[in-house]
Amino acid sequence: MPFFKKIIFLCFLSLLSQPTFALGADDLLPPDQAFKVSAKALSHDRVEIAWDIADGYYLYRDKMHFESKTEQIRLDDPTFPAGQNKHDENFGDVVIYRNILNVPIALTVENSASSLQLSVQYHGCSDQGVCYPPQKTTFNLKLPTSVAKADPVKQLLSGFQGIKLNLFEDDLLPPDQAFEFFATVKDAHTLQVNWHIADGYYLYREKIQLEVVNADGVKLGHYDIPRGAPKQDEAFGLVETFHNELGFDLPLIRSDISAQTLTLQAKYQGCADRGVCYPPMSKNIDLALPVALQPPTQQAEAQELSEQDEIVQSLRKDSLPITLLSFFGFGLLLSLTPCIFPMIPILSGIIVGHGNRITTRRAFLLSLSYVLASALTYTVFGILAALFGSNLQTAFQQPWIIGLFSAVFVVLSLSMFGFYHLELPKSFQAKLHNSSEIHRDGSLWGAAIMGALSSLIVGPCVAAPLAGALIYIGQTGDAVLGGSALFFLGLGMGVPLLLLGASAGKLLPKAGNWLNSTKAVFGVIMLAVAVWMLSRILPGEVIMMLWAMLLIFPAIYLSAVDPLPENSSGWRKLWKGLGLMMLAYGLLLLTGFSLGNSNPLKPLQGLGLTTAQAAKPGISFERVASADLEARINQAAANHQPVMLDFYADWCISCKEMEAYTFSDPRVKQALEGYVLLQVDITNNSDDDKALLAKFKLIGPPSILFFGLDSQEKTAHRIIGYQDAETFIKSLQRSQS
């Protein structure tokens, strides 16, 4: 009985499926016109199947099957080009192809078979939602004659007859057989080139030159030749060579999108392993280029790489010393960003906390411990983030961790004011003293611990160099090169801190009241770091009150409200003036707090002369959930509106900088008119947030993405990290070109 139920159920499904295939049948092309398939033999051991897919139709990659009907010939696994990702209602997440598809297949030929009967099955659909039944066709292909191996006896006889000096010259294959060159059209914007290199021969990487000739409005874009095997060559020195096979893609930049025939000219040179080299070779291949559906501006954009992708490419190509030097330079540039500034008072407080015991050597060692620990932590957690797809720094942005770390700075600041003295128990100090004079109070380890925690909690910044290194590690799994780059990035970021340590022993006072005053100043700075960190988790109004207190109380200690003695020194007057400024700004913050403002940089916003400015609305982002993002982007595309998507988090320092300085600029507001401004808040770092970051292959905020009128992201114009208003406007203009 269950068997008959299954039959009835299948029949019912077949009846339901009939309208699907019949829907719009009058408007649909026949299968052989929607998917024009052909096959050709490229060589004795290689064939290629090609489809010319009509506009509005596509093929499934997973539904293609190839079978040899000739017993003496076996098919190797086909080489599929990269396709488009699509979520299909019937098959889930699939890969599809449009326009042009070329699939090369290598053959294993036995008994010198000269022909191949090839069965090809494929399955495609129309964008109207109508799918064709699986199509199947058979090709009878005649294979080119393979190169017969030379008979050594005949060669020896011919050598004697020709009285040749080199008896083995006839053993060499002709150039076209030793280095078989093929070129095919992968799609309207990409060519694919291949060399089949005979056994015992190799090709020089440095001698490969490719050029498009006899083509109007078409030129080659930037292409990368894969790395070869290193070889010390007698003629050319240290070179890279290829054996067996070489293949890669050639991007095309098209200003003329019409169908045309172009000529690809390839120049290359190779040798035989026995030491005989061929003269430089040149070969031209005519290729039929189809109509390009993509406009020229979009196609040119497709050849561009975003900043982090360019860094990934440099990691793949550059030598190790150049890579490490580049990342050290990136670190130097990042050291000028807001991410590093909070670490300066932290390290300064550690150095000042030693009082008159500090020396230049000691201060530098403290700084070095701090920087090395920070760089190592950056490296280890960066590698883990790249390999496991999660930015572990975000885990340290939990409110209780921020609160605990802020409390540490409050405790340190109170010790600066002389409320107590922080030191290890005497027994521990004695043991440390006996083991090493350098570590007599454990301060180097303390500096290292603070450096490690600071890199995780104080400055979780994402910038293009960091994102590029993490993307490279995630794609290649090469944690050694990627981790080394991250370590040198951390060292570069720590250079200002090392300079601070090298100079602190000379600049800081050694004894006397100056020392107490200096420690008090750094005590206030420690409290400022605590307030700055709490700004990530506390309401803006509360932070305004804390900043006001932090300015007013020290101002009173600087005698801001006390009269100056008649014979006061210049320094006393200077501190009095500084105290008055702090008191005045603190009172402005209190006024802003009473007005309900939350930005300490604009405490009187909305009052008096600033009312007109406050009336101007700033950039207002539409907060969207991860599940609704795609639908919102598609809706904007339907309304012919581009989209800017901002990834934001409350704990992201650079996000706050962008919000305060970049997005508040009137020029930026004007440039973004007409855009749908979406924002995803990943402060909580939930599973949905992690999945969305992984979908777009992002490390964390700040990250800004642009989407065109076709709902597709312009990946070449991503903004990773902080940009000021001027730089942001230039980036926006490039995304519009």
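The torsion about the S-S bond of cysteine 125 and cysteine 131 is about 100 degrees, and the disulfide is therefore right-handed. In this predicted model, the sulfur atoms of cysteine 125 and cysteine 131 lie 2.0 Å apart, and both of these cysteines are buried. The structure holds 2 disulfides, and the other one to look for joins cysteine 271 to cysteine 277, with an S to S distance of 2.0 Å. Here too the torsion about the S-S bond, taken for cysteine 271 and cysteine 277, is about 100 degrees, so this disulfide is right-handed. The surroundings of its two ends can be described one by one: cysteine 271 has a relative accessibility of 0% and therefore counts as buried, whereas cysteine 277, at 42% relative accessibility, counts as partly exposed, because partly exposed covers the range between under 20%, which is buried, and over 50%, which is exposed.

From the disulfides the reader may turn to the sheets. One of them is an open sheet of 4 strands, in which the order is 17-18-14-21 and the pairing is antiparallel. Strand 17 (229-233) and strand 21 (270-272) stand at its edges, and because each has a single partner strand, one side of each is left without a neighbour in the sheet. Neighbouring strands of this sheet are turned against each other by 45 degrees on average, when direction is ignored. Within the sheet, strand 14 (residues 201-204) and strand 18 (residues 237-242) run antiparallel and are joined by 2 bridges, and tyrosine 204 has threonine 241 in strand 18 as its bridge partner.

Another open sheet, this one of 5 strands, follows the order 23-25-24-26-27 and has mixed pairing. Its edge strands are strand 23 (622-623) and strand 27 (719-720), each of which pairs on one side only. Strand 23 runs parallel to strand 25 (residues 676-681), and 2 bridges join them; in this pairing, arginine 623 has glutamine 679 in strand 25 as its bridge partner.

Which strands pair with strand 19 in the antiparallel sense, strand 16 being one of them? Strand 13 (residues 190-197) runs antiparallel to strand 19 (residues 245-254), and 7 bridges join the two, with glutamine 192 having aspartate 249 in strand 19 as its bridge partner. Strand 16 (residues 218-220) also pairs with strand 19 in the antiparallel sense, over 3 bridges, and valine 218 stands opposite arginine 254 in strand 19.

A single residue in another strand can be followed in the same way. Leucine 101 lies in strand 8, which covers residues 100-109, and with a relative accessible area of 0% leucine 101 is buried. The C-alpha atom of leucine 101 is separated by 9.2 Å from that of glycine 83, while the two residues are 18 residues apart along the chain.

The last stop is on the surface, where Tyr585, Leu588, Leu601, Tyr661 and Tyr722 make a nonpolar patch of about 440 Å². One of these residues, leucine 588, lies in helix 18, which spans residues 570-594. Is leucine 588 buried or partly exposed? Its relative accessibility is 33%, so leucine 588 counts as partly exposed.

How values were computed: Residues are numbered from 1 along each chain as its sequence is written. This is a predicted model: local features need pLDDT of at least 70, side-chain atom pairs count only at pLDDT 80 or more; totals for chains, interfaces and linings use all residues. Side-chain values use heavy atoms; hydrogens and water are left out. Patches are made of residues with over 30% relative accessible area and no salt bridge: like charges are joined within 9 Å, nonpolar side chains (Val, Leu, Ile, Met, Phe, Trp, Tyr) within 5 Å. Accessible areas come from the Shrake-Rupley method with a 1.4 Å probe; for residues, only the protein chains shown count as cover. A salt bridge is a side-chain nitrogen of Lys or Arg within 4 Å of a carboxyl oxygen of Asp or Glu. Buried means under 20% relative accessible area, exposed over 50%, partly exposed in between (1.4 Å probe, protein chains only). Two strands pair if DSSP finds at least two bridges between them. A disulfide is a pair of cysteine sulfur atoms within 2.5 Å. Axes are lines fitted to C-alpha atoms, for helices over the stretch in contact, and angles run from 0 to 180 degrees between N-to-C directions.
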